[in-house]
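I sat down with this structure and kept a few notes as I went. Here they are, for anyone opening it for the first time.

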Amino acid sequence: MNSNGTLLAISSMNPVCVRGITCTTGSVHIYRHESSRFIKVPLLRIDDGYGNTLQESERSDNTIVGYDVSLSGDGSKLSVSGYDFNKKYGFVKSFFVDSL
């Protein structure tokens, strides 16, 4: 959540994949607080070699995305960690929220 509580990032993963079974999993969803409720923010496609790194359903790259998510205090930047089973290393990707 950003510092003023108006933006929230939540990750979700298939628990089977996280327990050592190699499979693609992980999604990150961003919600904006408006009028006493959180509204899901639509994300645009990110073409960075991973396809849309924030949506599990469009990926088949053998990675887990969303171990950790973090929003900057002002809500302008989102960082997402994950693990690439093919390359055998962890990674962190950072995005400008307005460009998602």
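My entries cover confidence and then two residues.

**Ground rules.** I am looking at a predicted model, where local features need pLDDT of at least 70, side-chain atom pairs count only at pLDDT 80 or more, and totals for chains, interfaces and linings use all residues. Residues are numbered from 1 along each chain as its sequence is written, and side-chain values use heavy atoms, with hydrogens and water left out.

**Confidence.** I looked up pLDDT (the predictor's confidence in each residue, from 0 to 100). The chain average is 76, and 75% of the residues reach at least 70. Among the elements (DSSP runs numbered from the N terminus: helices are H or I, at least four residues; strands are E, at least two), strand β5 (residues 77–84) has the highest mean, 87, and helix α1 (residues 15–18) the lowest, 70. I also noted that pLDDT is below 50 over residues 45–53, a stretch with 23 contacts in the model beyond near neighbours in sequence; contact means heavy atoms within 4.5 Å.

**Asn-2.** I found this residue in the segment before β1 (7–12). Is Asn-2 buried or exposed? Asn-2 has a relative accessible area of 6%, so it is buried (under 20%; exposed is over 50%, partly exposed in between; 1.4 Å probe, protein chains only). A polar atom of its side chain lies 2.9 Å from the backbone nitrogen of Leu-7. Not counting residues up to four places away in sequence, Asn-2 touches several residues, including Leu-71, Ser-72 and Gly-75.

**Arg-32.** I found Arg-32 in strand β2 (residues 27–34), partly exposed at 33%. Its C-alpha atom is 10.0 Å from that of Gly-75, 43 residues apart along the chain. Leaving aside neighbours within four places in sequence, its contacts include Thr-6, Leu-7 and Phe-38.

Terms used. A polar contact is a pair of N or O atoms within 3.5 Å; within protein, one must be able to donate a hydrogen and the other to accept it, and residues adjacent in sequence count only if both atoms are side-chain atoms.
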